[in-house]
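Here are my notes for your next look at the model. They are kept short and run point by point.

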Amino acid sequence: MPMHSMAQTDPLIEKVSQKLAQVNDYVAEGVMKTDVSFIKASLGKVKIYFKKPNLLKVKKEGGISLLPRGGVSLTINTLLNTRQYTTIPAGNQLLNGKNLTVIKLIPTDDNLDWVISTLWIDPVEALVYKTATTTKENGSYEITMQYGEYAKQGLASKIIFSFNTKDYKLPNGITLEFGDEDPTAKQKVLKNKKGTIEITYSKYTINKGIPNNIF
Amino acid sequence: MWSLIQIELYKIFRRPRTYIAFGAIAALIVIIQFGLKIDGDTYAGFLMKDIKDTLTVDGKVLNGYLICYILLQLLLVHVPLLVALIAADMISGEANLGTLRLLFTTPYSRTHWVLAKFIAASMYTILLLIWLAFLALFASMWIFGTDDLFLMKSNYVVLIEQSDVLWRYIGAFVFASFSLLTVTSLGFLMSSLSSNSVGPIVGTMSAIVFFTILSTLNIPLFNIVKPYLFTTHMNNWKEFFDIKVNIDNEAIRGSILNIPKIKTSIMVLTLHIILFVTASVIIIKKKDILS
Amino acid sequence: MFGVLCYKFCMAVIKVENISKHFGALKAVDNLSFEVEAGQVFGFLGQNGSGKSTTIRMLLSLIHPSSGSIELFGKSIQKNRASILEQVGAIIERPDLYPYLSATEHLQLFAKVRKQKIEASRIIDTLTQVGLSHRAQDKVQTFSLGMKQRLGIAIALVHNPSLIILDEPTNGLDPQGIADIRALIQHLAKEEGKTIFVSSHLLSEIEQVANQILIIHQGKKMVEGVTKELLDPEKRIVQIKTMDDVKALAIIVAGGFSQYLLTRKEGIFLKLPTTAIPVLNESLVQSGIAVLGIETKNSLEDYFLQITSNA
């Protein structure tokens with residue numbers, strides 16, 4: 001299997017990168033849903049700010065947001081814009097009825113946090129539908145994307161982050177909870193160790209300029 | 001009856017001792033607020049240690065709402081002791097002073113006096129709670145600002161939207177008033193049994209400490225009696241801050257996870273109040289006033 | 001109108017019948033009976049611990065009697081407490097008050113529990129009456145015992161009651177204070193027509209104000225009578241012991257020898273001129289009653305001292 005250097009980027013990745021390169025910055029509005037077994041949170045309105053090459057910020061409007069640790073900053077734009085990786089083609093896979101090309105990226109810059117990332121790309125649309133990334137410090141996670149109105153710019157209409165969660169437990173002495181514990185919560189903790197955070201985008205404002213202090 | 005309540009309130013608020021509790025609460029709250037203002041992030045970091053492995057928490061976690069929750073957690077354990085200071089002195093203090101016989105030779109019956117004293121002590125308790133609410137909630141909101149309430153419970157965390165918090169505090173304070181009135185009525189019962197102030201105050205405090213230990217120990221033998229102990233129910237104001245989730249694990253705005261638990265607790269506490277006050281009335285009615 | 005007059009002159013304001021009070025094995029009051037008529041100053045005498053305060057507390061329903069009945073203004077205190085106490089003012093034992101309140105605040109506080117509205121001027125007048133107007137605004141914690149006693153009396157008087165019960169009202173007072181209280185009692189009785197029930201452990205304090213005296217010892221009635229008669233130097237207290245005290249008593253009453261005082265197991269106590277003693281003795285013997293002994297006592301003072309010193 002031939003290795004592609006940075007100069008010999010996979011043409012499909014190049015195509016995707018070119019598509020993404022149209023976007024210098026964007027502000028997107030969306031709704032965020034947190035589904036982690038030990039978290040009870042309601043849907044929250046969020047704003048997502050992006051600026052080339054890899055600045056990204058998710059802000060909950062007037063509230064507290066819970067995001068996968070380090071994961072959000074590694075969306076497809078930020079991943080590819082660094083351009084410091086080599087690519088390994090890994091065949092094709094059928095995903096949700098779509099025949100997707102699988103390409104693995106390996107960073108060439110040791111300072112990058114991620115170790116390997118697998119991309120599932122629609123070769124016709126040049127859209128990335130899924131990424132699976134392993135990071136040095138923040139574990140592995142998957143991002144699944146759906147596209148709509150902004151597919152031309154390679155911007156998703158929905159992003160789902162999936163990640164592994166660790167155990168959560170605070171001693172009763174700290175929480176001062178001595179009553180009977182919620183049994184359903186306990187069960188969930190044991191059953192489901194996978195968390196997801198889902199952002200559904202409603203509107204993108206593209207290339208209107210964003211001050212750096214937002215990030 | 002209103003005259004008697006006025007008299008009792010007048011006496012309560014003319015006594016220097018009354019203000020100790022208000023001062024103590026203010027001092028405790030200000031110290032905790034100061035500490036959290038200076039070094040709150042370390043405290044929040046410690047609480048979120050487990051979460052931070054998985055998630056990044058973005059936003060003002062240490063806001064007025066969380067500060068109030070922390071304060072209530074700490075103070076609602078100690079406020080009963082301050083309530084006991086006044087409630088357990090209402091009858092025995094006057095018996096000790098010798099003024100009880102002055103009251104009981106007025107045309108009002110002992111039942112009237114006992115109820116007036118209980119109502120006055122209850123009003124004091126409620127005022128203390130309002131003072132606590134003012135300092136713990138409103139002052140914290142003013143000092144630390146407001147944001148969503150991010151609560152770290154023993155087994156899970158709850159993120160309640162900012163606009164969904166305030167009514168929960170109102171509910172929690174109403175609930176806390178039932179808890180503290182139970183302490184008031186217990187102090188009152190102790191007070192009716194004695195002719196000196198120290199015994200009932202120490203007695204009430206000891207009873208609270210004793211039953212709290214029984215309520216918190218997870219020993220099967222004690223678990224049988226736990227549901228009947230008022231101390232088991234006193235802490236259930238926290239239930240206002242647990243939220244229901246739907247099938248997709250989305251928190252449902254404006255919901256409370258366990259309403260029956262709150263209802264049961266209020267019922268148990270109310271029964272205790274009725275029991276303690278009725279017992280006080282009966283004891284005082286039968287008692288020979290020898291002081 | 002007649003009703004009011006009759007109430008004023010015919011009815012006993014206090015009627016105590018066979019009351020007893022037991023505290024465990026201790027009999028604090030033992031089968032005590034007496035009546036206090038309207039307008040009387042009734043002296044209730046006994047040494048400390050004789051049962052005076054227990055009796056007074058029973059009159060005021062602070063203590064429930066073990067047995068017997070108490071009527072004030074013709075009504076049972078147990079059943080008509082509120083309406084009775086509306087007409088009663090009392091101080092009981094020590095003048096215990098709220099140290100953090102002033103004299104005026106005390107009177108305002110106790111004026112509030114009365115049905116009729118008590119004007120501010122009445123409060124000032126009452127304080128003046130007991131000689132406390134100059135300290136009206138001072139907190140009680142700065143008061144001497146005597147001043148507290150005066151304020152206690154003021155509390156008893158502020159609602160203008162028709163029956164005033166004063167338990168040891170001169171305790172802690174200096175001679176001037178004692179004289180003032182004495183004058184006040186006389187004023188209240190004579191000028192304002194109040195019925196006054198006053199207790200003391202000193203005969204000298206009672207004899208000058210009371211027109212009726214009852215001496216109690218170890219919870220039992222020892223002597224009761226009109227003060228003038230009891231203190232008449234011409235008459236002596238005579239204790240007669242016979243084989244049949246009931247029959248003897250009938251002869252004494254029928255013969256009009258004396259106002260009957262009381263019978264006890266030690267004998268019958270009466271007040272007699274010394275010259276009448278042999279006549280009484282003869283009457284009893286002629287009626288076939290064996291007289292076991294006749295003993296004379298010098299005066300009520302001696303008698304009182306004798307009782308108290310025996311204790």
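1. Chain contacts. This is a predicted model, and two pairs of chains in it touch. Of these pairs, chains A and B share the most contacts. Chain A and chain C do not touch. The nearest C-alpha atoms of chain A and chain C are 40 Å apart.

2. Confidence in chain B. The mean pLDDT of chain B is 88. A score of at least 70 is reached by 100% of its residues. Where in chain B is confidence lowest? It is lowest in helix α3 (residues 49–52) of chain B, with a mean of 74. The highest value in chain B belongs to helix α12 (residues 259–286), at 94.

3. Domains of chain C. Chain C splits into domain 1, covering 2–217, and domain 2, covering 233–310. The C-alpha centres of domain 1 and domain 2 of chain C are 33 Å apart.

4. Salt bridges overall. How many salt bridges does the structure hold over all chains? The count is 26. The next points take up some of them.

5. The B:Arg15 pair. B:Arg15 and B:Asp89 form a salt bridge, with the closest N and O atoms 2.6 Å apart. B:Arg15 sits in the loop between α1 (2–14) and α2 (16–47) of chain B, and B:Asp89 in the loop between α4 (64–87) and α5 (92–97) of chain B, so the bridge ties together parts that are 74 residues apart in sequence. Are these two residues buried or exposed? B:Arg15 is buried, because its relative accessibility is 13%, under the 20% cut-off. B:Asp89 is buried as well, at 3%.

6. A network in chain B. Salt bridges also link B:Glu8, B:Lys11, B:Glu94 and B:Lys117 in a network. Please check these four side chains together on the display.

7. C:Lys27 and C:Asp30. The side chains of C:Lys27 and C:Asp30 form a salt bridge at 3.8 Å, N to O. C:Lys27 has a relative accessible area of 42% and is therefore partly exposed. C:Asp30 is buried, at 16%.

8. C:Lys194 and C:Glu192. Here the closest N and O atoms of the salt bridge are 3.9 Å apart; the cut-off is 4 Å. C:Lys194 is buried, with a relative accessible area of 7%. C:Glu192 is partly exposed, at 34%. In this pair the Lys is the buried partner, whereas in the C:Lys27 pair the buried partner is C:Asp30.

How values were computed. Residues are numbered from 1 along each chain as its sequence is written. Chains are lettered from A and ligands numbered from 1 in the order in which they are written. This is a predicted model: local features need pLDDT of at least 70, side-chain atom pairs count only at pLDDT 80 or more; totals for chains, interfaces and linings use all residues. Side-chain values use heavy atoms; hydrogens and water are left out. pLDDT is the predictor's confidence in each residue, from 0 to 100. Helices (H or I, at least four residues) and strands (E, at least two) are DSSP runs, numbered from the N terminus. Contact means heavy atoms within 4.5 Å. Domain bounds come from an automatic or database domain assignment. Buried means under 20% relative accessible area, exposed over 50%, partly exposed in between (1.4 Å probe, protein chains only).
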